[in-house]
Amino acid sequence: MPLQWFGWGALAVAIALLGAYLLVRRITRPLRALTHAAHAVGRGDMPEPLPERGASEMADVARAFNQMAHDLKVQEQNRALIL
């Protein structure tokens with residue numbers, strides 16, 4: 001009987017760990033995309049706009065980043081036109 005409880009406990013822990021892994025992966029994927037896009041802007045490249053979905057905070061950050069990248073692109077075009 002105690003061995004059976006140990007098995008059920010191990011199964012519950014495994015399911016909880018899998019759920020936590022999937023949740024963390026879902027949260028960190030947009031952050032990873034934002035990091036790559038920020039590095040691209042830092043190198044002077046203009047990345048594709050980030051998807052504005054997910055948690056409201058991440059959507060707000062992606063929207064702000066996309067606006068910033070667009071503004072930088074317009075500013076660079078205006079600078080090139082003036083020169």
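Leu34 is buried in this predicted model, its relative accessible area being 17%. The cut-off for that label is under 20%, so Leu34 falls on the buried side because its value is 17%. Leu34 sits in helix H1. Its C-alpha atom lies 7.3 Å from that of Leu50, although 16 residues separate Leu34 and Leu50 along the chain. Burial applies to 13% of the 83 residues of the protein chain.

With that residue as a starting point, let us step back to the whole chain. The protein chain contains two helices and zero strands. Helix H1 covers 2–42 and helix H2 covers 56–82, with a loop between them. What radius of gyration does the protein chain have? The value is 22 Å, whereas a compact globule of 83 residues would come out near 12 Å. The C-alpha trace tells its own story, spanning about 80 × 25 × 10 Å along the principal axes. As for surface, about 7000 Å² of the protein chain is exposed, and carbon and sulfur atoms supply 67% of that area.

Two pairs of residues let you follow distances along the chain. Leu3, in helix H1, counts as exposed with 69% relative accessibility. Between Leu3 and Val13 there are 15 Å from C-alpha to C-alpha, for a sequence separation of 10 residues. Ile27 also has its place in helix H1, and Ile27 is partly exposed at a relative accessible area of 46%. Measuring tape in hand, so to speak, you would find the C-alpha atoms of Ile27 and Ala10 separated by 26 Å, with their positions 17 residues apart along the chain.

Now to the surface patches. Which residues form a nonpolar patch on the surface? They are Trp8, Leu11 and Ile15, and together they have about 340 Å² of accessible area. Ile15 belongs to helix H1 and is exposed, with 54% relative accessible area. A residue needs over 30% relative accessible area to join a patch, so Ile15 meets that part of the rule because its value is 54%. A second patch carries charge: Arg25, Arg29, Arg32 and Arg53 form a positive surface patch. Arg25 is found in helix H1 and is partly exposed, with a relative accessible area of 41%.

That brings us to charge in the chain as a whole. There are 9 positive and 7 negative side chains in the protein chain, and the centres of these two sets are 9 Å apart. Side chains of opposite charge can pair when their charged atoms come close. How many salt bridges are there? The count comes to four, and three of the pairs can be visited here.

Start with Asp45 and Arg43, which form a salt bridge whose closest N and O atoms are 3.6 Å apart. Pairs are counted within 4 Å, so this one qualifies because its N and O atoms are 3.6 Å apart. Asp45 is partly exposed at 40% relative accessible area, while Arg43 counts as exposed at 58% relative accessibility.

Next comes Glu52, which forms a salt bridge with Arg63, the closest N and O atoms being 3.3 Å apart. This pair links distant parts of the chain: Glu52 is in the loop between helix H1 and helix H2, Arg63 is in helix H2, and they are 11 residues apart. Both partners are partly exposed, Glu52 with a relative accessible area of 39% and Arg63 with 40%.

Arg63 has another partner. The side chains of Asp60 and Arg63 also meet in a salt bridge, at 2.9 Å from N to O. Why are Asp60 and Arg63 separated by about one helical turn? Because they are three residues apart in helix H2. Asp60 is partly exposed, with a relative accessible area of 44%. Through shared partners, salt bridges join Glu52, Asp60 and Arg63 into one network. On screen, Arg63 is a handy place to pick up that network, since Arg63 pairs with Glu52 and with Asp60.

How values were computed: Residues are numbered from 1 along each chain as its sequence is written. This is a predicted model: local features need pLDDT of at least 70, side-chain atom pairs count only at pLDDT 80 or more; totals for chains, interfaces and linings use all residues. Side-chain values use heavy atoms; hydrogens and water are left out. Buried means under 20% relative accessible area, exposed over 50%, partly exposed in between (1.4 Å probe, protein chains only). Helices (H or I, at least four residues) and strands (E, at least two) are DSSP runs, numbered from the N terminus. Patches are made of residues with over 30% relative accessible area and no salt bridge: like charges are joined within 9 Å, nonpolar side chains (Val, Leu, Ile, Met, Phe, Trp, Tyr) within 5 Å. Accessible areas come from the Shrake-Rupley method with a 1.4 Å probe; for residues, only the protein chains shown count as cover. The radius of gyration is taken over C-alpha atoms; the globule rule is 2.2 Å times the number of residues to the power 0.38. Lys and Arg count as positive and Asp and Glu as negative; His and the chain ends are not counted. The place of a charge is taken as NZ of Lys, CZ of Arg, CG of Asp or CD of Glu.
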